[in-house]
Amino acid sequence: MTVNADAQELAKFSDLAHRWWDPESEFRPLHEINPLRLDWIDGLAGLRGKTVLDVGCGGGVLSESMARRASHVTGIDLSTKALGVARLHALESELLNLEYREIAAEALAAERPQSFDVVTCMEMLEHVPDPASVVDACTRLAKPGGWVFFSTLNRNPKAFLFAIVGAEYVLKLLPRGTHEYERFIRPSELARWCRDAGLSPAGSRGLQYNPLTKRYWLSDDTSVNYLVAARKPA
């Protein structure tokens, strides 16, 4: 089976892996939006006592924060370096209910279908060759009645201006080349993949940023960054 991953994308984030937990590094935006994402996920799914899977976990920023609220969290990624950083930080944080595995979502879905109360896949779909396959795998991994969460970038001129020109070139919030506009995903496309996989939409939020106040917040504006919540039928 061909692994649904882009070698160049993996290399891009592997090269930055050692900076994942530096809040002043290229990953600063990730640290700043993490509390917003965590609280939104927790508010809908209720993480307490739940088993959680974080697909495309990278260095583990979201995984660790969910592990502080959930019963058990598994983070998966295909970047060996990022997982090494994640495991070391979890060890230092003494989080015994958090484990990491180097495995693709599709492979884990074949191995452990219907195993997780909550599945998250944040900022990953726009980096893989076949995002619909990841959506399907996340659905198969969720228990009946479970929650599945995605976040990605809309594909329109405003998103190109804000997420690439603004974030990567003008404000330098992200390294140049972090995103490719052609890989951005319209909400209608993600919604169709969710429906095809058997998920029911349960809500969406946009993520906004004010460069003057340097503040992020969730809103109803999904024109650039957005999050989607869905449920698997019980």
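Colleague: Which residues does methionine 122 touch, not counting residues up to four places away in sequence?

Modeller: Contact means heavy atoms within 4.5 Å, and in this predicted model methionine 122 touches Arg37, Ile41, Val55, Gly56, Leu62, Phe149, Phe150, Ser151 and Leu227, with residues up to four places away in sequence left uncounted. Local features need pLDDT of at least 70 and side-chain atom pairs count only at pLDDT 80 or more, whereas totals for chains, interfaces and linings use all residues. Residues are numbered from 1 along each chain as its sequence is written, and side-chain values use heavy atoms, without hydrogens and water.

Colleague: Is methionine 122 buried or exposed?

Modeller: Buried means under 20% relative accessible area, exposed over 50% and partly exposed in between, using a 1.4 Å probe and protein chains only; methionine 122 is buried because its relative accessible area is 5%. Arginine 37, one of its contacts, is buried as well, at 4% relative accessibility.

Colleague: Where are these two residues found, in helix or strand?

Modeller: Helices (H or I, at least four residues) and strands (E, at least two) are DSSP runs, numbered from the N terminus. Arginine 37 is in helix 2 (residues 28–45), while methionine 122 lies in strand 4 (residues 116–122).

Colleague: At what angle do helix 6 and helix 8 pack?

Modeller: Two packed helices are described by the angle between their axes and by the distance between the axes. Helix 6 (residues 131–141) packs against helix 8 (residues 187–197) at about 45 degrees, and their axes are 9 Å apart. Residues that meet there include Val135 in helix 6 and Trp193 in helix 8.

Note on methods. Axes are lines fitted to C-alpha atoms, for helices over the stretch in contact, and angles run from 0 to 180 degrees between N-to-C directions.
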